[in-house]
Amino acid sequence: MATLFLSRYLVPVSSAPIEDGALLVSEGRIVGVGSRRELTAASSGAAVVDFGDAILLPPLVNAHTHLELTHFPRWAQKAGQGDGPTGFVDWILHVIRVKRAVALELFEPSLAAGIEASFAAGTGAVGDILSYFPARQAYVNTALRGHLYLETLGREPSIGRKVLARIGGLLDEKRAGQLKLGIAPHSPYSVSGEYLEHIFDFARRRKVPTTLHLAESPEETSFVHDSSGPLKEQLYPFVGWESMVPPPTRRSPVAFVEACGGLVPSCLLAHGVQVDASDAGRLARAGSTLVCCPRSNARLGVGKAPVELYRQAGVPLALGTDSLASSDSLSVWDEMAFAHSWFEGRLAPSELLAMATINGARALGVAADLGELKAGLGCNFQVLTPAVLPAFNDLERFLCSPGRSAEVSALFLDSWDVLQKG
Ligand SMILES: [Zn+2]
């Protein structure tokens with residue numbers, strides 16, 4: 001049986017917003033998107049669900065996060081590490097210290113809390129990174145989709161081979177819940193060039209997606225280019241890698257990862273703050289999507305991603321919250337509002353909306369199912385119920401202003417409202 005969902009405003013994302021909008025769903029797929037009048041006439045006999053003075057739009061996509069760290073602020077306080085670190089390398093040491101002090105069985109409930117927080121904020125798909133692999137059980141029986149990337153790092157090739165063999169065994173499972181499994185080599189400063197090449201080659205042969213933190217900080221640039229700076233002086237001794245500092249590559253982090261075979265469409269790159277025009281050109285030629293994480297970048301003081309360079313080069317941008325170790329919430333709505341003000345108009349509301357929906361869905365291989373409202377996609381959407389609706393012509397700006405997260409009143413994934421318990 002068909003269902004007609006009605007809402008005062010409807011935002012398909014890939015086409016213009018509709019006043020007095022309607023979404024017609026039959027057998028779990030969207031069969032019509034249009035005005036209340038035309039779709040009501042075309043669907044007599046359909047059940048009607050009227051959300052009233054609300055905004056109906058696609059679920060959001062959090063393309064870069066670490067949901068296993070959702071309880072990180074609590075862990076940090078317990079470990080007496082509650083005070084915020086002062087810079088990028090300090091922050092990495094802080095994360096390592098806190099994670100080392102956490103009992104392994106606490107990762108799964110922390111990940112489960114991250115999944116719940118994502119739903120509450122209207123998120124329907126994630127690019128999630130996991131370092132404690134058994135915690136993936138938290139995804140079983142959830143409606144969240146996207147990619148779950150199993151994280152690896154290190155400089156010792158023999159250890160790397162063992163870890164990759166273990167990841168290879170897990171990849172046979174194909175999925176955790178509905179998320180496709182992939183691999184996350186951590187970053188160009190924490191994974192050796194030889195291991196990076198090996199991982200990208202392995203992922204290509206296994207046909208699994210990858211993701212990488214790339215060009216995040218000036219410290220990463222000086223380490224990769226010259227083998228110098230605080231990553232060498234502080235991180236390497238801290239983790240016992242003093243004898244494994246690599247020789248200078250004389251390359252930017254992006255050029256280095258390109259040389260390791262990592263710039264491919266199936267590799268989702270996060271941050272991309274420290275890049276120049278030739279790096280942006282490399283990403284564009286490779287067909288890579290870049291995930292911007294502005295709140296994390298601001299918190300760690302690493303700079304702003306040059307969004308104009310990416311636009312000129314034609315690099316698709318998505319949006320991610322990163323983890324609660326470097327961000328205040330897992331809400332992509334909050335990320336959009338912050339980005340709108342932080343980039344001072346250089347990202348238009350319509351661009352931000354696309355980054356947070358369709359672009360992320362494409363990058364995570366779920367665009368045939370969600371990311372926009374159009375015929376053929378699954379019955380996946382969310383509903384915002386603000387106390388006062390904005391004027392219709394102010395809708396997109398309203399969606400990129402603070403406060404939207406608390407207004408999420410329904411999140412339909414596979415035809416079910418996951419926010420309705422029981
Ligand atoms: Zn991250």
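Domain 1 and domain 2 meet through 19 residues of domain 1, which are in contact with 19 residues of domain 2. This is a predicted model, so please take everything I say about that contact as computed from the prediction.

On the domain 1 side, α15, residues 395-399, and β16, residues 408-413, each supply at least two of the residues that touch domain 2. What is the make-up of that side by class? There are nine nonpolar, five polar and five charged residues.

Where do the two domains run in the sequence? The domain assignment gives domain 1 two segments, 2-58 and 372-417, and gives domain 2 the stretch 60-363. Taken over C-alpha atoms, the centres of the two domains are separated by 32 Å.

Now the chain as a whole. I count 15 helices and 17 strands in the chain. The radius of gyration is 22 Å, and the globule rule for 422 residues also gives a value close to that, 22 Å, so the chain is as compact as a globular protein of that length. Along the principal axes, the C-alpha trace spans about 75 × 45 × 40 Å. Of the 422 residues, 50% are buried. On contacts, take the pairs of residues at least 6 apart in sequence: 73% of those contacts join residues at least 24 apart.

I will finish with one element, helix α6, residues 193-206. With 14 residues at 1.5 Å a residue, α6 should span 20 Å, and the end C-alpha atoms are 20 Å apart, which agrees.

Which residues of α6 are buried? They are Y195, L196, I199, F200 and A203. These five cover an arc of only 130° around the axis, which puts them on the same side of α6. The spacing fits the usual geometry: an α-helix has 3.6 residues a turn, so residues three or four places apart point the same way. On the other side of α6, D201 and R205 are exposed.

What do the buried residues of α6 pack against? The partners are two strands that precede the helix in sequence, β8 at 145-152 and β10 at 178-185, together with helix α5 at 157-171 and strand β11 at 210-214. Between the end of α6 and what comes next sits K207: this residue follows α6, and its phi is positive, near 55°.

So, to restate the helix: one side of α6 carries the buried residues, and D201 and R205 are exposed on the other. That is all I have.

Terms used:
Residues are numbered from 1 along each chain as its sequence is written. This is a predicted model: local features need pLDDT of at least 70, side-chain atom pairs count only at pLDDT 80 or more; totals for chains, interfaces and linings use all residues. Helices (H or I, at least four residues) and strands (E, at least two) are DSSP runs, numbered from the N terminus. The expected span of a helix is 1.5 Å times one less than its number of residues. A residue is buried if 20 or more other C-beta atoms lie within 10 Å of its own, exposed if 12 or fewer, and partly exposed in between; C-beta atoms are placed from the backbone. The arc is that of the directions from the helix axis to the C-beta atoms. Two residues are in contact if their C-beta atoms, placed from the backbone, lie within 7 Å. The radius of gyration is taken over C-alpha atoms; the globule rule is 2.2 Å times the number of residues to the power 0.38. Domain bounds come from an automatic or database domain assignment. Ala, Val, Leu, Ile, Met, Phe, Trp, Tyr, Cys and Pro count as nonpolar, Asp, Glu, Lys and Arg as charged, and the others, Gly among them, as polar.
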